[in-house]
Amino acid sequence: MAFISHYIRFCFFVLLFLFRISSAQLSSNYYSTSCPRALSIVRNAVVNAVVKEHRMGASLLRLHFHDCFVNGCDASVLLDDTANFTGEKTAPPNTNSLRGFEVIDTIKSQLEGACPGVVSCADILAIAARDSVVSLGGPSWTVQLGRRDSTTASLSAATSQLPSPSLNLNDLITSFSTKGFTTKELVALSGSHTTGQARCVVFRGRIHNETNIDSSFATSLKSNCTVSSGTDDNLSSLDVTSPFIFDNAYFKNLVNSKGLLHSDQQLFSGGSTDSLVTNYSTTAETFYTDFANAMLKMGSLSPLTGTSGQVRTNCRKIN
């Protein structure tokens, strides 16, 4: 009898544990009752922002990436510095680089009007990233929801954990592997550079010094990005072929030695990822499928759920 009693108690605690685990999981219908218009509010705001400025689609997608890669998808990237708090916006990979914060503010304001204190800033970033890709002609995926927002941020983590555009292939693989991504997922996620722009300061060395670059392509960029530092903030498209369309042209560019960033061209430079790039360059649907799956995985990086964190009423500051 004692054994049976212990066994029943064991089963109870196992079931309780499993319930707690399952209740903390993200779900696609998280706001179906508490804020049924949440998805349409975000979608409409993103479409309006991208119509106004096509580049904004890439900017919103990048915000989600820079959020999730630093201690998980918790909207820490949105927190402003205060007299007593230093956020992640001034980290070298983010400063003078991340943008789109005002669009997130607009979305949050509209959501607070529709259902106050319900939809998290972290979920807004995840939905906006998907809607941005779709608005630029790319694939869709079912966003999992239920993240909560952090009450802290880490300047040091943002500085050290975000992959640099100067990384070589092995370091890129290691950087993504640390976050649980396979090499295929690294290449698929890099395909987000099929849209958006980069500052001269991050590709100057490539176009002036590297040899694995199409000479005509390099020459076309040099007048806008000179050796001198006076052109640091000048912009060039990451994908010169179709900069405002989410397609597989990025990979075609790599095959033709027209990757803008050093880290981009590393994916097709005689290494282990050449075959993946070639496959994506010829089969857009395969890229779309792998990209959507990788985005789903990225969106599930260490989210705060349940009673952890909070739902900020203003994405820029803690409640």
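**Exercises on helix packing, aromatic pairs and backbone angles**

The buried residues of α13 pack against α8 (183-190), α11 (249-255) and α14. The model examined in these exercises is a predicted one.

**Exercise 1.** Determine which residues of helix α13 (residues 274-282) are buried and which exposed residues the face turned away from them carries.

*Solution.* Step 1: a residue counts as buried when its relative accessible area is under 20%. In α13, the residues that meet this criterion are Asp274, Leu276, Val277, Tyr280 and Ser281. Step 2: viewed down the axis of α13, these buried residues fall within an arc of 165°, so they line one face of the helix. The general geometry is relevant here: an α-helix has 3.6 residues a turn, so residues three or four places apart point the same way. Step 3: Ser275 and Thr282 are the exposed residues on the face of α13 turned away from the buried side. Step 4: the packing partners of the buried residues are α8, α11 and α14.

**Exercise 2.** Classify the ring pairs Phe69 and Phe181 and Phe287 and Phe291, and locate each pair in the chain.

*Solution.* Step 1: the structure holds 15 aromatic pairs. Phe69 and Phe181 form one of them, with 6.0 Å between ring centres and 5° between the planes, and the pair is stacked. Step 2: this pair links distant parts of the chain, with Phe69 in the loop between α3 and α4 and Phe181 in the loop between α7 and α8, 112 residues apart. Both Phe69 and Phe181 are buried. Step 3: for Phe287 and Phe291 the ring centres are 5.8 Å apart and the planes are at 55°, so this pair is tilted. Step 4: Phe287 and Phe291 are 4 residues apart in helix α14, and about one helical turn therefore separates them. Both of these residues are buried. Step 5: Phe287 and Phe291 also belong to a cluster linked by ring pairs, together with Trp141, Phe246, Tyr250, Phe251, Tyr280 and Tyr288. Tyr280 is in addition one of the buried residues of α13.

**Exercise 3.** Identify the rings over which the charged ends of Lys89 and Lys179 sit.

*Solution.* Step 1: the charged end of Lys89 sits over the ring of Phe101, at 4.1 Å from its centre. Step 2: the charged end of Lys179 sits over the ring of Phe69, 5.9 Å from its centre. Step 3: Phe69 is also a member of the stacked pair with Phe181.

**Exercise 4.** Establish whether Ala75 and Ser302, two non-glycine residues with positive phi, are buried or exposed.

*Solution.* Step 1: phi of Ala75 is near 65°, and the residue is found in the loop between α3 (55-68) and α4 (101-114). Ala75 counts as buried because its relative accessibility is 0%. Step 2: phi of Ser302 is about 40°, and the residue is placed in the segment after α14 (284-298). Ser302 counts as exposed because its relative accessibility is 54%.

**Exercise 5.** Describe the surroundings of Pro165, including what it touches.

*Solution.* Step 1: Pro165 is in the loop between α6 (155-161) and α7 (169-178). Step 2: its relative accessible area of 28% makes Pro165 partly exposed. Step 3: leaving aside residues up to four places away in sequence, Pro165 touches Val202, Leu261, His262 and Ser263. Step 4: Pro165 and Cys73 are 92 residues apart in sequence, and their C-alpha atoms are 22 Å apart in space.

Key
Residues numbered from 1 in each chain as written. Predicted model: local features only at pLDDT ≥ 70, side-chain atom pairs only at ≥ 80, totals over all residues. Heavy atoms only, no water. Helix = DSSP H or I, 4+ residues; strand = E, 2+ residues; numbered from the N terminus. Buried < 20%, exposed > 50% of the residue type's maximum accessible area, 1.4 Å probe, protein only. Contact = heavy atoms within 4.5 Å. Arc of directions from axis to C-beta. Phe/Tyr/Trp six-rings, centres within 6.5 Å; stacked < 30°, edge-to-face > 60°. Lys NZ or Arg CZ within 6 Å of the ring centre and 35° of its normal.
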